[in-house]
Amino acid sequence: MGKVRAVCISDIKGIPKTDIESAILVENHGIENDSHSGKWHRQISLLSYDSVRNFESLADFNIENGAFGENILVEGIDLSKLPVGTILKSGDIRLEVTQIGKECHHGCEIRTRVGDCIMPREGIFARVLKGGMIKKGDDLDIEFLPGYRFAVLTVSDKASIGQREDKSGDLICKILEDANYKLAMRQVVPDERDLISKKLKEMSDEGIELILTTGGTGFSKRDITPEATLDIIERQVPGIPEAMRAESMKITNRAMLSRAVAGIRKSSLIINLPGSPKAVKENIEVFLPVLDHAIEILTGIGSECAR
């Protein structure tokens, strides 16, 4: 649960805002009498109080509420970790997160004095879905978190040239979308180690929370998906493939031949899946019940709220 620490406005854009303790939020407009209000997607700006205090400890001066141009300072929630589409509530008020960060004003006083500004990377913006009075000390909670994004990388020489239908990729998409995950990227590549690694990096660099590969986990000389994955991950997550193999062993002893790995790169969880649709379904069912929690912890949201 978060707590409102300040409510700030300004009548001119591009300058620090003034703490006014309380304000009226107007539906599909923003804060009453604030310069950023209007019928657009950045009606209100929010910043984590803890981020401001951490930044202040590195500066040589006290930072006043509203100094970064934020309308609302919130304690207890790492706002920068929230995905676009998150719904925040305070009493009857409802805010929808529309943007994470933005380019800093070139004339920003804090950037001029310190050489840095947290608003571009840690500030968030929202539009007012339902208005009302908001004031210092009010609770601010997360009412809804949209489904996490996922990407699918099918590794198959034949599928990459259209000689085989990507049935496993289709099945992964159906299972994950039924679980409220949002498809962000899907690609098919041949069994080429450098190309697999390159695509996994691209997906991770996009900030996609979950990346699933299918194919290339067996004993064939062309099966190098695990090696390509190990080339780019920063930390291994051995428990996931161990659990998949253990559960699959109940069905067939050939499961011990799987070389699938799982790991973390940046804020992405990468998991290797087999190439057959039947095995894909069986393996996803193993980790799906803990997937939300794993990604919440990985992205930093899990320490603040439950979905």
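Which residue of β6 does Ser48 stand opposite? Ser48 stands opposite Val74. The notes below work outward from there.

1. **Basis.** This is a predicted model, in which local features need pLDDT of at least 70 and side-chain atom pairs count only at pLDDT 80 or more, while totals for chains, interfaces and linings use all residues. Residues are numbered from 1 along each chain as its sequence is written, and side-chain values use heavy atoms, with hydrogens and water left out.

2. **Overall.** The protein chain has nine helices and 17 strands. Helices (H or I, at least four residues) and strands (E, at least two) are DSSP runs, numbered from the N terminus. The C-alpha atoms fill a box of roughly 65 × 40 × 35 Å, taken along the principal axes. Of the 307 residues, 49% count as buried. Buried means under 20% relative accessible area, exposed means over 50%, and partly exposed lies in between (1.4 Å probe, protein chains only). Take contacts between residues at least 6 apart in sequence: 74% of them join residues at least 24 apart. Contact here means heavy atoms within 4.5 Å.

3. **Strand β5.** Five of the five residues of β5 are buried. Both faces are covered. Ile44, Leu46 and Ser48 lie on one side, Ser45 and Leu47 on the other. β5 pairs with β6 (residues 72-75) in the parallel sense, over three bridges. β5 also pairs with β9 (residues 124-130), in the antiparallel sense and over three bridges. Two strands pair if DSSP finds at least two bridges between them. On the β9 side, the bridge partner of Leu46 is Ile124.

4. **The loop before β5.** Lys39 sits in the loop between β4 and β5 (44-48). Why does Lys39 count as exposed? Because its relative accessibility is 77%. The C-alpha atoms of Lys39 and Arg127 are separated by 8.7 Å, although the two residues are 88 apart along the chain.

5. **A three-stranded sheet.** Three strands form an open sheet in the order β4-β3-β10, with antiparallel pairing. The edge strands are β4 (30-31) and β10 (132-135), each of which pairs on one side only. Strand β3 (residues 22-26) pairs with β10 over four bridges. Within that pairing, Leu25 stands opposite Gly132, and Ile24 has Met133 as its bridge partner. On the other side, two bridges join β3 to β4. There, Val26 has Gly30 as its bridge partner. Three residues lie between the strands in the hairpin of β3 and β4, where Asn28 takes a positive phi near 55°.

6. **Faces of β3.** In a regular strand the side chains alternate between the two faces of the sheet. β3 shows this alternation: Ala23 and Leu25 point to one face and are buried. Ser22, Ile24 and Val26 point to the other face and are not buried.

7. **Helices α5 and α9.** Helix α5 (residues 167-178) packs with helix α9 (residues 277-299) at an angle of about 25°, with the axes 10 Å apart. That makes α5 roughly parallel to α9. Axes are lines fitted to C-alpha atoms, for helices over the stretch in contact, and angles run from 0 to 180 degrees between N-to-C directions. Angles under 35 degrees count as roughly parallel, over 145 as roughly antiparallel, 65 to 115 as roughly perpendicular and the rest as oblique. The crossing is right-handed. Right-handed means that the near helix is turned clockwise from the far one by less than a right angle; anticlockwise is left-handed. From α5, the residues that meet α9 include Leu171, Ile172 and Ile175. Their counterparts in α9 include Val280, Ile284 and Leu288.

8. **Ser168.** This residue is in helix α5. Is Ser168 buried or exposed? Ser168 is buried, with a relative accessible area of 4%. Leaving aside neighbours within four places in sequence, Ser168 is in contact with Thr214, Gly275, Ser276, Pro277 and Val280.

9. **Helices α6 and α7.** The axes of α6 (residues 193-205) and α7 (residues 225-232) come within 8 Å and cross at roughly 50°. That makes α6 oblique to α7. The crossing is right-handed. Among the α6 residues that meet α7 are Arg193, Ile196 and Leu200. The α7 residues include Glu227, Ala228 and Asp231.
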